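Please work through the exercises below with the sequence and the model in view. Each task is followed by a solution in steps.

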Amino acid sequence: MMDRILNNKWSIRIIALLLAAILFTSVNANNNNATTFSTTSSSDTEVIENVPVKVYYDKTNLYISGVPETVTVTLSGPRSIVQSAKAQQDFTVYADLKNASIGTQEVKLKVKDASDRLKVKINPATVNVNVQEKVTKKFSVDVELSKSVVADGYQAGTPIIDPKKISITGAKDTIEQIAYVKATLENDGKHKSEFTDKATVSVFDSNLNKLDVDVSPQEVEVTVPVKKVGKSVPIKIKQEGTPESDIEISSMTPDKVEVVVVGDDTVLDKIKEIEIPIDVTKIKADTVKEVTVPVPTGAKSVQPTTIEVKIKTVKKSEATNKTTTSKEENTTNPDENTTDDSEEKDTKISKSFPNMQVYVSGLKNTFDSQMVTPANGKVSVTITGEKKIVDDIAVKDLSVIANLSKSKAGDYSVPLELTGLPDNVAYVINPTKADFIITEKEAQNTVPSKNT
């Protein structure tokens with residue numbers, strides 16, 4: 001029977017067809033199982049930060065605040081789709097406020113244009129939004145000039161502003177809080193003649209908190225007339241009094257070699273120098289004294305009004321020993337020019353570094369700070385010391401620091417410090433202090449943030 005079946009060609013063909021069908025079915029089932037396993041095991045999760053938030057609302061009549069500019073989005077799903085969405089970011093996070101009512105309300109952020117196979121999580125998921133009537137008003141602009149705008153001995157006249165008034169748009173309750181509209185001219189040119197520059201406009205309330213409003217234009221053109229008002233006059237340091245019995249004054253070095261005297265020409269012509277007395281009665285060691293520059297008779301004022309004088313001292317016993325040693329060396333080596341070498345080593349020079357950036361340190365993480373003066377955040381620094389030391393000091397070695405570790409909310413002034421300087425070199429920072437507005441971060445969160 002089996003022989004008859006095997007010898008029949010049609011029987012063999014039918015058996016081969018059945019075996020092929022069974023093999024095909026088995027392979028296809030294995031492939032489906034493998035595909036299912038592969039798809040299940042290739043899921044992925046990605047976190048995308050700084051995703052922009054769009055806001056849909058009546059831009060003609062309403063002003064929206066409280067919506068964050070960006071959010072964090074977490075995508076979960078098949079790896080290929082997650083990676084594609086991360087690369088293209090073809091989805092949109094939005095807040096729908098088309099039917100919002102006036103006042104504060106909680107709004108849920110949504111996402112659109114994301115694949116149905118993705119799970120999307122937005123952080124934050126909801127935000128507190130303040131919806132207010134949109135108001136636009138015109139305000140006059142006041143100009144603030146930093147001290148470095150004009151050179152010493154020159155005076156800035158009344159600035160000319162173009163345009164004189166600007167348009168400010170914002171929530172009605174925010175517009176009602178506006179107390180100051182200021183354009184700060186950040187210019188370190190030390191000008192001696194009329195100049196024109198751009199100034200950025202900022203808007204503040206009565207407590208000098210910056211308000212979240214739209215300003216148009218954001219910059220104004222300021223023309224500043226400048227005129228000469230004084231004469232540069234050298235200063236002469238005069239010692240008065242005597243220090244402690246075992247102390248001698250070895251040198252007194254001012255941070256400036258001349259000042260500007262303001263007054264009538266007939267008076268200024270007679271002024272050749274200004275003598276500044278320095279009282280050393282209570283001096284016990286090296287020190288730096290800030291002294292007032294006297295105004296000459298008949299003059300109106302001096303610039304600057306104060307200078308700093310670095311006073312170096314030496315104990316009399318040490319001075320005597322040095323003198324004795326010097327004499328012995330001169331006797332032993334009469335041909336050596338030791339006096340010239342000593343004078344070269346003790347030569348005092350000054351070096352100036354203009355436009356040094358002020359850095360803030362020590363501010364608690366619960367506070368934010370805004371530097372009011374110097375308006376551009378920069379100061380000038382003058383160092384004085386022995387030539388061989390001062391020559392090696394570069395601006396990259398120094399840092400101007402405003403230490404805000406003891407600051408509290410409100411207006412705060414702090415003396416500026418210079419770091420990176422050797423102990424035997426004196427310095428002067430102009431201006432000597434910085435003024436800040438310190439605000440609590442929680443308090444700032446209640447101020448409407450700008451909607452983009």
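The exercises move from the whole chain to single residues.

This is a predicted model, in which local features need pLDDT of at least 70 and side-chain atom pairs count only at pLDDT 80 or more, while totals for chains, interfaces and linings use all residues. Residues are numbered from 1 along each chain as its sequence is written, and side-chain values use heavy atoms, with hydrogens and water left out.

**Exercise 1. The whole chain**

Task: State how many helices and strands the protein chain has, and what share of its residues is buried.

Solution. Step one: helices (H or I, at least four residues) and strands (E, at least two) are taken as DSSP runs numbered from the N terminus. On that basis the chain has nine helices and 31 strands. Step two: buried means under 20% relative accessible area, exposed means over 50%, and partly exposed lies in between (1.4 Å probe, protein chains only). Of the 452 residues, 34% count as buried. Step three: a contact means heavy atoms within 4.5 Å. Among contacts with a separation of 6 or more, 71% join residues 24 or more positions apart.

**Exercise 2. A buried glutamine**

Task: Locate Gln 132 and list its contacts beyond its neighbours within four places in sequence.

Solution. Step one: Gln 132 belongs to strand S8, residues 126–140. Step two: Gln 132 counts as buried because its relative accessibility is 16%. Step three: leaving aside those neighbours, Gln 132 touches Asn 61, Leu 62, Tyr 63, Ile 102, Ala 171, Lys 172 and Asp 173.

**Exercise 3. Salt bridges**

Task: Determine which residue pairs with Asp 44 in a salt bridge, and where the two partners lie.

Solution. Step one: a salt bridge is a side-chain nitrogen of Lys or Arg within 4 Å of a carboxyl oxygen of Asp or Glu. By this rule the count comes to six. Step two: one of them joins the side chains of Asp 44 and Arg 79, at 4.0 Å from N to O. The pair links distant parts of the chain, with Asp 44 in strand S1 (residues 43–56) and Arg 79 in helix H3 (residues 79–88), 35 residues apart. Step three: Asp 44 is buried, at 18% relative accessible area, whereas Arg 79 is partly exposed, at 43%. Step four: another bridge joins Lys 387 to Asp 391, with the closest N and O atoms 2.8 Å apart. Lys 387 is partly exposed at 40% relative accessibility, and Asp 391 is partly exposed at 39%.

**Exercise 4. Unusual backbone**

Task: Identify the prolines joined by cis peptide bonds and the residues other than glycine with positive phi.

Solution. Step one: most residues other than glycine have a negative phi, and most peptide bonds are trans. Step two: a cis bond joins Ser 216 and Pro 217, with omega about -5°. Pro 217 sits in the loop between strand S15 (214–216) and strand S16 (219–224). Step three: a cis bond also joins Asn 430 and Pro 431, with omega about 0°. Pro 431 is placed in the loop between strand S30 (426–430) and strand S31 (433–440). Step four: Leu 208 has a positive phi near 65° and lies in the loop between strand S14 (195–204) and S15. Asn 355 has a positive phi near 60° and is found in strand S25, residues 348–361. Step five: Leu 208 is partly exposed at 23% relative accessible area, and Asn 355 is partly exposed at 41%.
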